[in-house]
Amino acid sequence: MSTTFPLCYSHNAGSSENLRRDISAKTDHNHALAMNQRVPKSARTIRTQSKIAKISTRRHNLPGTRDLLSYVNLGSMQDALHLFENMRKCDPFVWNVVIRGLTSNGNYEEAIDFYYRMQFEGVRADNFTYPFVIKACTGSFCFIEGQKVHSKLVKVGFDLDIYICNSLIVMYAKLRLIELAERVFEEMPVRDLVSWNSMISGYVSIGEGWNALFCFREMQELVGLRPDRFSTISALGACSLEGTLRCGKEIHGLTIRSGFEWDVMVQTSLVDMYTKCGRVDYAERLFESLSNKSIVLWNAMIGGYSLNGKPLESFACLKKMLEDDNFNPDVITAISLLPSFAQIGALLPGKTIHGFAIRKGFLPHLVLETALIDMYGKCGKVKFARKIFNHMSERNLVSWNAMIAAYVQNGHNSEALELFQDLWREPFNPGATTITSILPAYAEVALLREGKQIHSYITKLNIGSSTFISNSLVYMYAKCGDLQTAREIFDRLLNKDVISWNSVIMAYAIHGFGENSVKLFSEMREEGIKPNASTFVSLLTSCSIAGMTEEGWEYFNSMKTDYGIDPGIEHYGCMLDIIGRSRNLELAKRFIDEMPLVPTARIWGSLLVASRHNRNIELAELAAKHILSLEHDNTGCYVLLSNMYAEVGRWEDVERIKRLMNNGGFERNTGYSTVENNGKTYKFNNLDMSHINTSLIYDVMYIISKKIREDIYVHNVTKFRPLDVIRKRLTSPECHSVRLAICFGLISVSLGSPVLVRKNIRICEACHSAAKKISEVTGREVVVGDPKMHHHFRNGRCSCGDYW
DNA sequence: AGTTACGGCC
């Protein structure tokens, strides 16, 4: 085998085992090309020379030195410092010993203080002092001090010392100033293995795996250095980062050839690498073959199962760890295990881990708390998640992301947006993960202006070309009422996947433009994209909103026969909406009875809406009973039923429901509508009088109401009216928020542009019919987005075909 | 007397 190895500069790989054979690598020039060339040019020209020893031969005979050393080496810094204060301190050696002690005990600030004190007392820092001080700057993330120390050591001519330069490389890499690390590396006259290793691990620590691997190869091929365990561990970390199994296997081969496949840390890194590259099977085989397992190795394997969506194996691995090796689970075990419980929504085991962590004193712990937030979020316990978030003494971007995702996953969109707003006041900037989590919340509740803002931030982050993000944007623009922009983003998208198509089909669906959805579906098939289950959710939603009953049935039937997709519960839900539209309640009821899946609250919800449209209170009561047995806090259900009772004047039942809601502690969602003008958002409640132009708005509303011939109850409240009339007046639709918002929109939004209103709850029938008339008499397009869809009112008609 | 190090959260 005489191939050149891209990563391992070594020859004969001889081994009989399968795994080892797998590993014997083939050349892959693409990988070399993929790694962009970040490594300093001079690295390729200067060859490492033998290390120039710079060992101080000074003798250290000051009294107490021996004791000082042993105190420091034993870690008793108290004693060391006490002794130090009583010593003569003319020799840098004693200072170095103390600074080293402080640094290795994590007292970085104090170490830096001693460095300054030393200079103040006239003792010159020597070549041994600087690595300790630089390490202290690294540990305390102190860039300013680091720079000062760096310029000082250049002045006194220590910038050629290999130990000092190596420390500087690590410092700059840890401070994420990789360019400075590269410059130190580049300007070194002599580099040793540690210099290279520091550069490699530096690239890994900032997430630049390919640069690390490139560096790893350069070290071997151009300089002829053999990687040691440090280089190997870092290089494996780089493979994990990039998920490159091929490179990982090559390095595995190298470890076997170099003989440090028996190194415990290397073994752990290998297991980790295989799980991160998606090969739990390789990791497992390696893991099983190791006889001396450390807690770190067990944790790596448990975490590997979690990562690869194998929660049960992860849990089994924990049990084996407890039985076989009697290891005590540590904080990392807990952290590795939690994603498993999160995945399967296993609240109880998750809580057990939480309790265990509390008993063990693991908390507070940034990463553990974040993992708990994630677990509680995925188990539907947003309140628990928030409680942990609130109590955290320290938070990073990941914790924020986890909390935001917890809100979004559970439909708490407004809370998610509020938290996202708070995030801007924190010292870290939202990243791609944050955006990915928050975009669905923007789609559900944000205004177009806010959506545009987040879009421009996405452009600034340079993640707009990501198919995943673009798909979310398509849906978000559609949900915010801007179908045109949604379409433009879709059209510009270079790599359209099935989700892109699903999104754009859904975009037209929620605006009631069914023909466009159907057209896109056939275009999609022409492009050779295979529809999936979600495609049919989009399509059937489109058919239901646009009232395309026949097409709906056709698609529903073709799912199984033509595409081999079994209809899921969402598909049955869409069909029920379609049936509901056709006013055939009998069929709707039968459809539920005969469907092969257990009806969910959403299914009964469809029946409830259908009953409401057909004014069938008995069926509505049945649907409501089922909904409330599944979701006792479904306020929408109470309200709908109560409205139905009110419409027929059954006030006792209205009261009964009101009492039920009060007893349950559920509050009716107060309806509001928002409209934008000139970059400002205007929010209206029912009967809103708070707006600066209130009288003008109400004037417009009066005129409009007259024009569309509605009776007016507003502003003439008198004391002695029959009860139901008073009730009716208090809820009179003329001053429903949406009406006020439309009126404000009519006078503020420039002519020619549609009036865009967003509403948090379903638009009521009276307002719907009024909006149609308004569009007719004013000749303007009014678009009202409610949680389900966007009603396009044009020339007296609505895109929903009067069923919503 | 000094420099590099495995497993963790979205």
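**Repeat helices, nonpolar cores and the DNA-facing surface**

Apart from neighbours within four places in sequence, Met476 is in contact (heavy atoms within 4.5 Å) with Leu439, Tyr442, Ala443, Gly451 and Ile454. The model is predicted, so that local features need pLDDT of at least 70 and side-chain atom pairs count only at pLDDT 80 or more, while totals for chains, interfaces and linings use all residues. Residues are numbered from 1 along each chain as its sequence is written, chains are lettered from A and ligands numbered from 1 in the order in which they are written, and side-chain values use heavy atoms, with hydrogens and water left out.

Met476 belongs to the largest nonpolar core, which has 204 residues. Such a core is a set of buried Ala, Val, Leu, Ile, Met, Phe, Trp, Tyr and Cys residues joined through side-chain atoms within 4.5 Å; buried means under 20% relative accessible area, exposed over 50%, and partly exposed in between, with a 1.4 Å probe and protein chains only. Tyr130, Leu368, Met403, Ile435 and Met476 touch the most other members. Helix α10 (residues 162-174) supplies the largest share of this core, eight residues. A second, separate core of 32 residues includes Val700, Cys735, Ile742 and Ile774. Helices (H or I, at least four residues) and strands (E, at least two) are DSSP runs, numbered from the N terminus.

The unreviewed UniProt entry places the feature "repeat: PPR" at residues 91-125, 161-195, 263-297, 396-430 and 497-531; UniProt positions follow the numbering used here, feature names are shortened, and annotations may be inferred rather than shown by experiment. Residues 161-195 are 74% helix and 0% strand, with end C-alpha atoms 11 Å apart. For residues 396-430 the content is 69% helix and 0% strand, and the end C-alpha atoms are 11 Å apart.

Helix α24 (residues 397-409) has 13 residues and reaches 18 Å from its first C-alpha to its last, close to the 18 Å expected at 1.5 Å a residue, where the expected span is 1.5 Å times one less than the number of residues. Of the 13 residues in α24, 10 are buried, including Trp400, Asn401 and Met403. The buried residues of α24 pack against α22 (366-378), α23 (382-391), α25 (413-423) and α26 (432-445). At the start of α24, a side-chain oxygen of Asn396 comes within 3.1 Å of the backbone nitrogen of Val398. Gly411, just after α24, has a positive phi of about 75°.

DNA strand B is surrounded by 41 residues, the closest being Asn127, Asn166, Asn299, His365 and Asn401; a residue is near the strand if one of its heavy atoms lies within 4 Å of it. Sugar and phosphate make up 37% of the strand B atoms that come within 4 Å of the protein. The largest share of the surface near the strand, six residues, comes from α10. A polar side-chain atom of Asn401 lies 2.5 Å from a base oxygen of DNA strand B. A base nitrogen of the strand is 2.5 Å from a polar backbone atom of Asn127, and a base nitrogen is 3.0 Å from an N or O atom in the side chain of Asp330.

In α43 (residues 765-778), the end C-alpha atoms of the 14-residue helix are 20 Å apart, in agreement with the 20 Å expected at 1.5 Å a residue. Its buried residues, among them Cys767, His768 and Ile774, pack against α40 (694-707), α42 (737-748), β5 (790-794) and β6 (797-798).

Notes:
A polar contact is a pair of N or O atoms within 3.5 Å; within protein, one must be able to donate a hydrogen and the other to accept it, and residues adjacent in sequence count only if both atoms are side-chain atoms.
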